[in-house]
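Hi,

Here is the structure I said I would pass on. Have a look at it first, and my notes follow below.

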Amino acid sequence: MRPNLFSGASRLLTYSRNGKLLTRGRSTKATTSSLDSQHQDAATTEGGRAESVEESPEQQQKLPTREPLAKNFFIGVVDKELLAYPEVIPRDEMAQLENNLLPLKNYFVEPRETEETSPETLRQLGLYGLNVATDYEGKGYGWSASLMASEPDSTDINATLGLQTHRVVVDLLKEVGTPLQQQRYLQDLATGKLIGTEAIYEISPPEEDYFHTKAELVHETGKWQLNGEKSFVICTPGERQLFLVLAQTQQPNVPAALGRGTTIFLVDSQHEGVRLGEKHATFGCRKAEIRRVHFDRVQLGEDQVVGLPHDGNRYSEQLVRSSRLRGSLVGVSLAKKLVNELAQYTVTTAQCGVQLQDLELTRVQMSRAMCSVYAMESMLYLTAGILDEFRAQDVTLESAITKYFTLRQLYTIASQNLGLVGPKSLLSGEPTELGLRDAAQLCTQGESLDTLGMFIALTGLQHAGQAINTGVRKSRNPLFNPGHIFGKFLDTNSIDNPKTKMQLSEHVHPSLEAPAQCIEQSVARLQMAVELMLTKHGNAVVERQSEMQRLAEVGTLIYAMWASVARASRSYCIGLPLADHELLTASAICSEGRDRVRTLCTEIYGGHFVNNDNNLLRLSKQVAKSGYFPVHPLTFNF
């Protein structure tokens, strides 16, 4: 049975004007926020169950919720106010934050006698409590401030993996944890006495069920019994840990698949039945403690359930949003490191008497890499700023797009560096070799990029299906709607020459008029491609995965262009150093992005008989049947 995109029943969870800078009113101090900027909709009642409550004072101080930015791209709608890049940290608090980060930067930049950073050192540096409320001895940073404060430790990828997953657990507890759970865990999490980590993924997921790891409620004792094992868990041997476990559960009195659900549990590593397994010998991040964790008849109480039982998917959206944003920060830091190493290598290396930095091919490659990193960083802090600034803001798609773009571009940068450095990059321990391994690890561990691309496309199509339902139904029934079809014939709008009236150039610096026009044209092309796909395929659009991957890339490129232009406009208007080069960077991103969007949308419009998808699908049947099927090229047939 196909999901109905129009009714919204389906849900995929993998999960200046005139040169003057326009800014929105500052809503709340990002560095003193004690709650996540999404709506906290659960609290504990006397029975221990979650009920809706009123918003906190911190949430009420924020600006009202706006329409989702990236989702509306799919219906050709833009929020021009969001071209004003968020300024959620006041000037005085920014200065204080930068001063607080100096010791961290010095520690992680200076060479150390031991390469590994111990948990005790991380505790002394205060890195476990960045996003924990001040009421629980944390720093109380909001999204933007906590990401900025995480930048120093993100340069040490083996240490930051554990810190970022710890912060994800804190984010979820702040948002959907009960007051009892917050009082029980947050203070220890802030001081590092308890280290949080996610235990979600399994090496070989079952064909029918959600997870091999399952929990069953024993009615006689009122306890949950957890059994199974999780893989790729970031562990800290010798330290007390709090595992955030996603397990499959069965609703009582509901048969088979209808009652199947997921539940999120908080499991202390000191619980009886919890055991650390062998360390994974991973391709990258080799010094990180990535292990299996076994759960054998672990007894858990009702107070260790996050949210409602059997309703884990409801809270997975908040979980993956946090994981995607914090994972993107690691990707951005690694990409910056690779670009800086490449720049240094080209300055100090010469071939045939010519400096590498003077070769056109090298210069273009470095500039493209730098533009990619600029876009990654702009997307990350735009998304974080939106979360900090607006109440209960939907950034599901923005966070997914940020991770999708960041990790894809990170791997491209890492692999291209190999070709520039040459055979030396193949030596074990070389920065290029380590960078490629770590990039591949980040791209592969956790969510698959292909799955993430499908999530982006399906989420955008679902939003569009709800918004343009009437028009699509008329287009799919031409005989009953001749006036609508006649209007379509008279429409002169096309992929090659899209017509827009968005006037985005009025909301950025005049120097960015051309990039703003690129965004307008790309949004118009995306809207036309979405309408065509829904009209042509209807609910069967979910089966057109090649077209959906193109659609995901288009939506990703538009958000990258939007964030880059918004950031460059702010930088130039307030006179930041090298802001003129930021204008050039945004122009380059938008120029290439516009051309790529046009190509992708043209392929969608052409259909699978024109864009070569049909040939590839036909070939795949024979490949699946016999592998590489052509005979040797020198074979005779007589």
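Start with helices α12 and α15: this is a predicted model, and in it the two helices are roughly perpendicular to each other, because their axes cross at roughly 80° and the range for that label is 65 to 115 degrees. The axes of α12 (residues 449-467) and α15 (residues 513-537) come within 11 Å. On the α12 side the contact is made by Leu461, Ala464 and Gly465, and α15 brings Val530, Met533 and Leu534.

There is another crossing to look at, between α9 (residues 360-389) and α17 (residues 579-606), with axes that come within 10 Å and an angle of roughly 95°. That makes α9 roughly perpendicular to α17. Here Arg368, Met370, Cys371, Tyr374 and Ala375 from α9 meet Glu582, Thr585, Ala588, Ile589 and Glu592 from α17.

Helix α17 also turns up among the salt bridges. Its Glu603 pairs with Arg550 of helix α16 (residues 545-574), 53 residues away in the chain, and the closest N and O atoms are 2.7 Å apart. Arg550 counts as buried, since its relative accessibility is 11%, whereas Glu603, at 26%, counts as partly exposed. Within α17, Asp595 forms a salt bridge with Arg598, with 3.2 Å between the closest N and O atoms. Those two are three residues apart in the helix, so about one helical turn separates them. Both ends have some exposure: Asp595 is partly exposed at 30% relative accessible area, and Arg598 is partly exposed at 32%. Elsewhere, Glu120, Arg123 and Glu239 are joined into one network by salt bridges that share partners.

One more pair for your list: Arg240 and Asp268 meet through their side chains in a salt bridge, 2.8 Å from N to O. Arg240 sits in the loop between β5 (223-234) and β6 (241-250), while Asp268 belongs to strand β7 (residues 260-268), which puts them 28 residues apart. Asp268 counts as buried at 11% relative accessibility, and Arg240 as partly exposed at 27%. The full count is 29 salt bridges.

On the surface, Leu616, Leu619, Val623 and Phe629 make up a nonpolar patch with about 350 Å² of accessible area together. Val623 is in helix α18 (residues 613-626) and counts as partly exposed, given its 42% relative accessibility.

For the overall numbers, the chain has 18 helices and 12 strands, and 53% of its 638 residues count as buried. Its accessible surface is about 29,600 Å², with 52% of that belonging to carbon and sulfur atoms.

Cheers

Technical notes: Residues numbered from 1 in each chain as written. Predicted model: local features only at pLDDT ≥ 70, side-chain atom pairs only at ≥ 80, totals over all residues. Heavy atoms only, no water. Patch = residues over 30% accessible without salt bridge, like charges linked within 9 Å, V, L, I, M, F, W, Y side chains within 5 Å. Areas by Shrake-Rupley, 256 points an atom, 1.4 Å probe, with all protein chains shown as cover. Salt bridge = Lys/Arg side-chain N within 4 Å of Asp/Glu carboxyl O. Helix = DSSP H or I, 4+ residues; strand = E, 2+ residues; numbered from the N terminus. Buried < 20%, exposed > 50% of the residue type's maximum accessible area, 1.4 Å probe, protein only. Axes fitted to C-alpha atoms, helices over the stretch in contact; angles between N-to-C directions. Parallel < 35°, antiparallel > 145°, perpendicular 65-115°, else oblique. Contact = heavy atoms within 4.5 Å.
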